[in-house]
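Thanks for coming. I will walk through one small model this morning, starting with a term we need and then going from the whole chain to single residues.

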Amino acid sequence: NIIEDGKDGILFQLNEQNSFRNAIIKLLGDKELRGRLGNNARKKIEESNSFSVVAQKEVSIYEKIL
């Protein structure tokens, strides 16, 4: 999953205005939650896009071509 609800982001129903509003209110009212979600999201991106991970993905692509 790109975003895991409550771990590195908050998911809401796109067509439900109250769902989005409630997510924003939840974030605005909870500094610890904002920090935790932000830290977890950053860690996920750093781990999945580190130099070694990206380099291995590129090597894998070239191996398939050759």
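A helix here is a DSSP run of H or I that is at least four residues long, and helices are numbered from the N terminus. With that in hand, Phe20 can be placed: Phe20 is found in helix 1. Please keep in mind that this is a predicted model.

Let me start with the whole chain. The protein has three helices and zero strands. Read from the N terminus on, the order of elements is α-α-α. Helix 1 covers residues 17-28, and helix 2 covers residues 31-48.

Now the overall dimensions. Along its principal axes, the C-alpha trace spans about 50 × 25 × 10 Å. The radius of gyration is 17 Å, whereas a compact globule of 66 residues would have one near 11 Å. How much of the protein counts as buried? Of the 66 residues, 9% do. The exposed surface comes to about 5,900 Å², and carbon and sulfur atoms supply 55% of that. As for contacts, take those between residues at least 6 apart in sequence: 44% of them join residues at least 24 apart.

Next, back to Phe20. Is Phe20 buried, partly exposed or exposed? Its relative accessibility is 42%, so Phe20 counts as partly exposed. The cut-offs behind that are under 20% for buried and over 50% for exposed, with partly exposed in between. Between Phe20 and Ile10 there are 9.4 Å in space, C-alpha to C-alpha, and the two are ten residues apart in sequence.

Phe20 also belongs to a nonpolar patch on the surface, together with Phe12, Leu14, Ile24 and Leu28. The patch has about 520 Å² of accessible area in total. Phe12, one of its members, lies in the segment before helix 1. At 34% relative accessibility, Phe12 counts as partly exposed.

Phe12 leads us to Ser19. Setting aside residues up to four places away in sequence, Ser19 touches Phe12 and Gln13. Ser19 sits in helix 1. What does the side chain of Ser19 reach? It reaches the backbone nitrogen of Gln13, at 2.9 Å. Ser19 has 17% relative accessibility and therefore counts as buried.

Now for the charged residues. Side chains of opposite charge can pair when their charged atoms come close. How many salt bridges does the structure hold? There are three salt bridges.

Lys44 and Glu4 form one of them, with the closest N and O atoms 3.4 Å apart. This pair links distant parts of the chain, since Lys44 is in helix 2 and Glu4 is in the segment before helix 1, 40 residues apart. Lys44 is partly exposed because its relative accessibility is 23%. Glu4 is partly exposed too, at 30%.

Asp8 and Lys44 form another, and here the closest N and O atoms are 2.6 Å apart. This pair also links distant parts of the chain: Asp8 is in the segment before helix 1, Lys44 is in helix 2, and 36 residues separate them.

Then there is Arg42 with Glu46, where the closest N and O atoms are 3.0 Å apart. Why are these two separated by about one helical turn? Because they are four residues apart in helix 2. Arg42 counts as exposed, at 57% relative accessibility, and Glu46 is partly exposed, with 45%. As for partners that are shared, salt bridges join Glu4, Asp8 and Lys44 into one network.

Let me finish with Asp8. Asp8 is in the segment before helix 1. Its relative accessible area is 10%, so Asp8 is buried. The side chain of Asp8 reaches the backbone nitrogen of Glu4 at 2.7 Å. A polar contact of 2.6 Å joins the side chains of Asp8 and Lys44.

Which residues does Asp8 contact, leaving aside its neighbours within four places in sequence? They are Ile2, Ile3, Leu37, Asn40, Ala41 and Lys44. Lys44 is thus in that list, and Lys44 is also the salt bridge partner of Asp8.

That is my part done.

Note on methods: Residues are numbered from 1 along each chain as its sequence is written. This is a predicted model: local features need pLDDT of at least 70, side-chain atom pairs count only at pLDDT 80 or more; totals for chains, interfaces and linings use all residues. Side-chain values use heavy atoms; hydrogens and water are left out. Buried means under 20% relative accessible area, exposed over 50%, partly exposed in between (1.4 Å probe, protein chains only). A polar contact is a pair of N or O atoms within 3.5 Å; within protein, one must be able to donate a hydrogen and the other to accept it, and residues adjacent in sequence count only if both atoms are side-chain atoms. Contact means heavy atoms within 4.5 Å. A salt bridge is a side-chain nitrogen of Lys or Arg within 4 Å of a carboxyl oxygen of Asp or Glu. Patches are made of residues with over 30% relative accessible area and no salt bridge: like charges are joined within 9 Å, nonpolar side chains (Val, Leu, Ile, Met, Phe, Trp, Tyr) within 5 Å. Accessible areas come from the Shrake-Rupley method with a 1.4 Å probe; for residues, only the protein chains shown count as cover. The radius of gyration is taken over C-alpha atoms; the globule rule is 2.2 Å times the number of residues to the power 0.38.
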